[in-house]
Amino acid sequence: MTKLRKTAVAAVLFLLPFMVCQAAVPDTLVPGKRPKVGVVLSGGGAKGSAHIGALKVIEEMGIPVDFVAGTSMGSIIGGLYCMGYTPDEMDSLISSVDWSVIMSNNVTREQLSFQDKAHNSKFLLTVPFTTAASLERQMEAGRSRRDQEASAERSSHGDGTNTFVGSLPAGFINGNNVENLLNSLSVGYQDSIDFNRLPIPYACVATDMVTGREVIFRSGYLSKAIRASMAIPGVFSPVRMGNMVLVDGGMLNNFPVDICREMGADIIIGVRVSSTLKGDPDALNSLPQLIDQLMGVVTQRKSNDNIASCDIFIEPDVTGYGPMSFDKASIRTLVHNGYVAADRHREELRALKEMLDSYGPCGKHLQAPRARNMDSDTLTVSSVSVTGVGIKDGEWLLKKSGLLKKKRMTGREIEKAVAMFYGTNAFSKISYTLQPDPVDSTWQVNIALVPDVPHNFGFGFRFDSQEAAAILLGLGINEQKLTGVKFNVTTRLSYNPWAKVQVSFVPRIIPRFNISYSFRKEEANITSGGRTYANALFYNQKVKAYFSEYHSRFMSTELGLCYENYIYQHYLQPVLGDGGITPIEGDETLRSSYMGLYARVRFDSKNRSTFASKGVELTLDGSWKFHDFNAPKDFGTFGDVILSFASYIPAFGERLVISPQVYSRFLIGGNYFKAYNTIMGGVMPGRYAEHQLPFIGFNRPEIMDNSLVILRSDFRVNVYGKHYVTGIVNYARESDGLQNFFARRHQSDDGSMSAGNWWGFGLRYSYDLPIGPVDVDFSWSDLTKKIGVYVSLGYYF
């Protein structure tokens, strides 16, 4: 705007009250009554972040805002502002939100059940299904659960059409995460309401694809209305309301100045972040660029009319940014650009403020209480209800969550209960709303549960330089049901295969009861002192009867009985003196059949299954063998305790991640079968036996003494994009008993050492692929004194 035009506008605004008193009064003005100010916020995707900067200047100038109308991203910013959030609060909110999750179907890993975390860390593809016929359709469609990373709603696949194009979804993003975010920020206004009763009256615009007409929301469910207004066709799924199929309002009215006029605004401050039409073909290479251009083409004439209708028109610089520029750096810059653009109009805004004050001092005024943010507020709760399940199941869940015992609640406490509900692995989506109690000033909490698809089929693949290829198959029947009988079978097809079958009974009042059978065949060269000690081929069978409990999305426990059987087909060792090989086969010393008790505690709060940047992973196992069916009567009982711990600490953003780790095993008691010898080595824990501990520097399993502790630190650097380099250092301390663990190393009478110390170092290159990471490891240890190389592709299983 030229200096002359700015001066003219300022003069008109200054003289407006006198014109109102002495001249004919326009229909929109009432003599002697302050003119109403409306703010209009355009659509533009991520570029709408600039609206926050413009609102900061409007508030600094003390301009009273009486109405807000918005489209798409403008409807989000406008909706939050009308619920009472300040521009500074909105700046903090959008800077802290993980937009990569919000603008997707994904949920963060911490929102998954414990079972889903374990499942997704192994399986490449998971197909949920309700019947055998639906499984066949899903397999044909090739739907991948890992691609969606446990999508917020795993609904069964419809019949669809017989063509590929006809089977494509209406939008790649279902928008549930946006709606859930808005719900969490709109406590007090989550019910169907008149938008004129918000702290600031509000309206937003959507487009009905059935009639091709504008749909103006002035009442209803606020989060649903905003979600409809921002449903960019092809990107977000449309919103169904009755017979309407609603998409982004920017298709017809991306800058709804006319709507704000209809609300009663006399003066319009418009903020437009939609890009002008691009005349350069090279600037139209991506889908977001094409959609942005399409909306500009469709709404160009109406937008021009609405721009002309603005009293103060603010247009931030959004050059170089698109509708999906939701990274933190871009948002920070866009907010700043919005502030700078509005600051250029400070003189006009000052003149407007002086004119409005001539009717009497005025400023920001909220006509109703601000919305509550459950992340920071504490509320008094009068009742808690659950929908989506039967009455008895709902009562059981609430009792188990502990919510019924509380009268004062924060969002964290409700989220803790939601975590417990997710821990049942029975629900694909959980949301909650809070409504004011009509009797007093308390609140009513309603938790809505969406049952998951009951069955699933999984597929995994892995390759490494030691065993070549391996395939993982899994079938779960009723796995995602809340209660009842569940059946699961998992098998690994490889040179060293294994299989597990499990039946679980899940009642309401006690922990789930499980019976499982597993079979494992393993052949490996075992080393001792860095040299080949034996070539072993054995079969292992286990039968377990145990109780288990998933306490939350992060923790699970098991306690029960275990029968375990080892049968060695051969155990070949070098014969001392002549260097020959003596096979030992069929001897009773190569068989064992133990009965014992065991317990397990697992905790997992990692933010990602691979390349985690924060969180903790812990497994603690304990067992006690009290009977050997193959041993004489003087059998000595024994047990062991195994610990695996890893934490992830980000530095320099997430460019560097430091991961301190601890692995240990202690054998306690009398004589034990050789299969229970402590084994250390390799990248994967449990690769050759459940009690094998990883150690970088030993690529083969090494027999250790009965007490072993490994301290390890990984230093992972994100070099560029999906390329990572990790430096690894680990230290192992072994001893022939706890009594010697802290003693100095010395040689016993039989020639064995009482304790040993070992160092290992590694350098790993990794590339993050959709089918799993590619790892190339180079390692060295002071035991082997050789450089080892290990290559792998895929997830560990």
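I started at the end of helix H16 and found that Gly-402 follows it, with a positive phi near 85°. The model I am reading is a predicted one.

**Entry: helix H16**

I looked up which residues of H16 are buried. H16 spans residues 391–401, and Asp-393, Gly-394, Trp-396, Leu-397 and Leu-398 are buried in it. I recall that an α-helix has 3.6 residues a turn, so residues three or four places apart point the same way. I then asked what covers the buried residues of H16. The cover includes two strands that I noted together, S14 (378–387) and S16 (427–436). It also includes strand S17 (443–451) and helix H17 (411–423).

**Entry: H16 against H17**

I took the helix pair next. The axes of H16 and H17 lie 10 Å apart, and the packing angle is about 125°. I wrote the pair down as oblique, because an angle of about 125° falls outside the ranges for roughly parallel, roughly antiparallel and roughly perpendicular. The crossing of H16 past H17 is right-handed. I listed the residues that make the contact: H16 gives Leu-397, Lys-400 and Ser-401, while H17 gives Ala-417, Met-420 and Phe-421. Sorted by class, the contact of H16 with H17 has four nonpolar residues, one polar and one charged. Leu-397 appears twice in my notes, as a buried residue of H16 and as part of the contact with H17.

**Entry: H2 against H14**

I turned to a second helix pair, H2 (residues 50–60) and H14 (residues 328–343). Their axes are 6 Å apart and they pack at an angle of about 40°. That angle makes H2 oblique to H14, since the roughly parallel class needs an angle under 35 degrees. H2 passes H14 in a crossing that I logged as right-handed. On the H2 side the contact is made by Ala-50, Ile-52, Gly-53, Ala-54, Lys-56, Val-57 and Glu-60. On the H14 side I found Leu-334, Val-335, Gly-338, Tyr-339, Ala-342 and Asp-343. By class, the contact of H2 with H14 has eight nonpolar, two polar and three charged residues.

**Entry: Leu-352**

I checked one residue of helix H15, which runs over residues 346–357: Leu-352. Is Leu-352 buried or exposed? Its relative accessibility is 0%, so I count Leu-352 as buried. I also looked up its distance to Gly-62. The two residues are 290 apart in sequence, yet their C-alpha atoms are 10.0 Å apart in space.

**Entry: Ser-647**

I moved on to a strand residue. Ser-647 sits in strand S28, residues 638–651. Its relative accessibility is 11%, and Ser-647 therefore counts as buried, the cut-off being under 20%. Which residues does Ser-647 contact, leaving aside its neighbours within four places in sequence? I found Gly-615, Val-616, Ile-658, Ser-659 and Pro-660. For Ser-659 I also noted the separation from Ser-647: 12 residues in sequence and 5.4 Å in space, C-alpha to C-alpha.

**Entry: the whole protein**

I closed with the totals. The protein has 797 residues, and 51% of them count as buried. I counted its secondary structure as 17 helices and 37 strands. For contacts between residues at least 6 apart in sequence, 65% join residues at least 24 apart. The accessible surface comes to about 36100 Å², and carbon and sulfur atoms account for 58% of that surface.

Terms used. Residues numbered from 1 in each chain as written. Predicted model: local features only at pLDDT ≥ 70, side-chain atom pairs only at ≥ 80, totals over all residues. Heavy atoms only, no water. Helix = DSSP H or I, 4+ residues; strand = E, 2+ residues; numbered from the N terminus. Buried < 20%, exposed > 50% of the residue type's maximum accessible area, 1.4 Å probe, protein only. Contact = heavy atoms within 4.5 Å. Axes fitted to C-alpha atoms, helices over the stretch in contact; angles between N-to-C directions. Parallel < 35°, antiparallel > 145°, perpendicular 65-115°, else oblique. Left-handed = near helix turned anticlockwise from the far one by under 90°. Nonpolar A, V, L, I, M, F, W, Y, C, P; charged D, E, K, R; others polar. Areas by Shrake-Rupley, 256 points an atom, 1.4 Å probe, with all protein chains shown as cover.
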